[in-house]
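Welcome to a short tour of a protein–DNA model. Please have the viewer open, and we will go through the contacts together.

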There are 2 protein chains.
Amino acid sequence: MDLVSKADLVFKALADASRRDLLDRLRADNGQTLNQLCAGVPGMTRQAVSKHLAILEEANLIATVKRGREKLHYLNPVPIHEIAERWIGKFERSRLDALSDLKKALESGDE
Amino acid sequence: MDLVSKADLVFKALADASRRDLLDRLRADNGQTLNQLCAGVPGMTRQAVSKHLAILEEANLIATVKRGREKLHYLNPVPIHEIAERWIGKFERSRLDALSDLKKALESGDE
DNA sequence: ACAATATGCAACCTTTTGGTTGCCTGTCAA
DNA sequence: TTGACAGGCAACCAAAAGGTTGCATATTGT
């Protein structure tokens, strides 16, 4: 098996606000080039953006297509979907239980 | 406004596998003490676990209740729920669109 | 009272992360 | 063919993250 799990790459990729922003911008306008994406993040070099995109690609959150001298970036929402289903879903299902535990604990702490 | 957004704290907290594991274990057995949680992570000092718990608490993913000399940790799934609703939800909704973009791009790349 | 237990605090260390600069490669257009 | 344009690669750097050790503090049971 992998040294780092697939889910871990996705969580780590999503941990950075700049990368979440890149995903947001691809969602709004899919298939942008590196330079187009750079234009939306002033105050950051092209290489920095390129590194973020590489991390997103490693996590399979984006796919790229080379078209001549430019590289088009496409959002792949599948890993986000899987994370939501497999991991967040568990917590969704136990939401009310956990809150009732919490409430009980806080009440008994008041005694 | 805050220097770091609330959502950012949650994403950052979820970025570490040990912390996700702690949440998992609290979900299975809510209200554990620090030492109980340490027992489940062999090969890590109590202080390391304590730091992870502090980060989770900072992100509001757990709430704590002091009970005598021990501190009980309770899962708070609400931030996870909010993340799922506000952020992941957007990507869920655009899932098919993005995939169709991707497919089109890959096809035209084959010409 | 006192020893054991449960946790907190702080300094310190190493690795990872996010970013930069500088230069190289490939592609298009005149 | 020769610039200009889009992007890749590698070295380097500062700051943050993850972890440790050592000591301090508060609570509890005997």
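Which backbone oxygen does the side chain of B:Arg19 reach at 2.9 Å? It is the backbone oxygen of B:Ala13. Please keep in mind throughout that this is a predicted model.

## B:Arg19 and its surroundings

Let us stay with this arginine for a moment. B:Arg19 sits in helix α2 of chain B, which covers residues 17-28. Besides B:Ala13, its side chain also reaches the backbone oxygen of B:Lys12, at 3.2 Å. An N or O atom of the B:Arg19 side chain is also 3.1 Å from a phosphate oxygen of DNA strand D.

B:Arg19 is buried but takes part in no salt bridge. Its nearest side chain of opposite charge belongs to B:Asp16, 4.7 Å away. A salt bridge requires a distance within 4 Å, so this pair does not count as one. B:Asp16 has a link of its own to the DNA: one of its polar side-chain atoms lies 3.3 Å from a phosphate oxygen of DNA strand D.

Once neighbours within four places in sequence are set aside, B:Arg19 is in contact with B:Lys12, B:Ala13, B:His52, B:Ile55 and B:Leu56. One of these, B:His52, is also among the residues closest to DNA strand D.

## The surface near DNA strand D

DNA strand D is surrounded by 20 residues, the closest being A:Asn35, A:Lys71, B:Thr45, B:Lys51 and B:His52. Of the strand's atoms that come within 4 Å of the protein, sugar and phosphate make up 64%.

Which elements build this surface by supplying at least two residues each? From chain A they are α3 (34-39), α4 (46-58) and β3 (70-75), and from chain B α4 (46-58). The biggest share comes from α4(B), with four residues. By class, the residues here are three nonpolar, nine polar and eight charged.

## The surface near DNA strand C

Around DNA strand C there are 21 residues, with A:Thr45, A:Lys51, A:His52, B:Arg46 and B:Lys71 the closest. Sugar or phosphate accounts for 62% of the strand's atoms within 4 Å of the protein, and bases for the rest.

Here α4 of chain A and, from chain B, α3 (34-39), α4 and β3 (70-75) each supply at least two residues. The top contributor is α4(A), with four residues. The classes come to three nonpolar, nine polar and nine charged residues.

## Side-chain contacts to the DNA

For quick reference, here are some polar contacts between side chains and the two strands.

| Side chain | DNA atom | Distance |
|---|---|---|
| A:Arg69 | base oxygen, DNA strand D | 3.2 Å |
| A:Arg69 | base oxygen, DNA strand C | 3.3 Å |
| A:Gln47 | base oxygen, DNA strand C | 3.0 Å |
| A:Arg19 | phosphate oxygen, DNA strand C | 3.1 Å |
| B:Arg19 | phosphate oxygen, DNA strand D | 3.1 Å |

A:Arg69 appears twice, with its side chain 3.2 Å from a base oxygen of DNA strand D and 3.3 Å from a base oxygen of DNA strand C.

## A last stop: B:Asp101

Now move to helix α6 of chain B (residues 95-109), which holds B:Asp101. Why is B:Asp101 classed as partly exposed? Its relative accessibility is 26%, so it counts as partly exposed. Leaving out residues up to four places away in sequence, B:Asp101 touches A:Asn30 and A:Tyr74. From B:Ala15 it is 86 residues away in sequence, and the two C-alpha atoms are 29 Å apart in space.

Note on methods:
Residues numbered from 1 in each chain as written. Chains lettered and ligands numbered in written order. Predicted model: local features only at pLDDT ≥ 70, side-chain atom pairs only at ≥ 80, totals over all residues. Heavy atoms only, no water. Near = heavy atom within 4 Å. Polar contact = N/O pair within 3.5 Å; in protein donor to acceptor, adjacent residues only side chain to side chain. Nonpolar A, V, L, I, M, F, W, Y, C, P; charged D, E, K, R; others polar. Buried < 20%, exposed > 50% of the residue type's maximum accessible area, 1.4 Å probe, protein only. Lys, Arg positive; Asp, Glu negative; His and termini not counted. Contact = heavy atoms within 4.5 Å.
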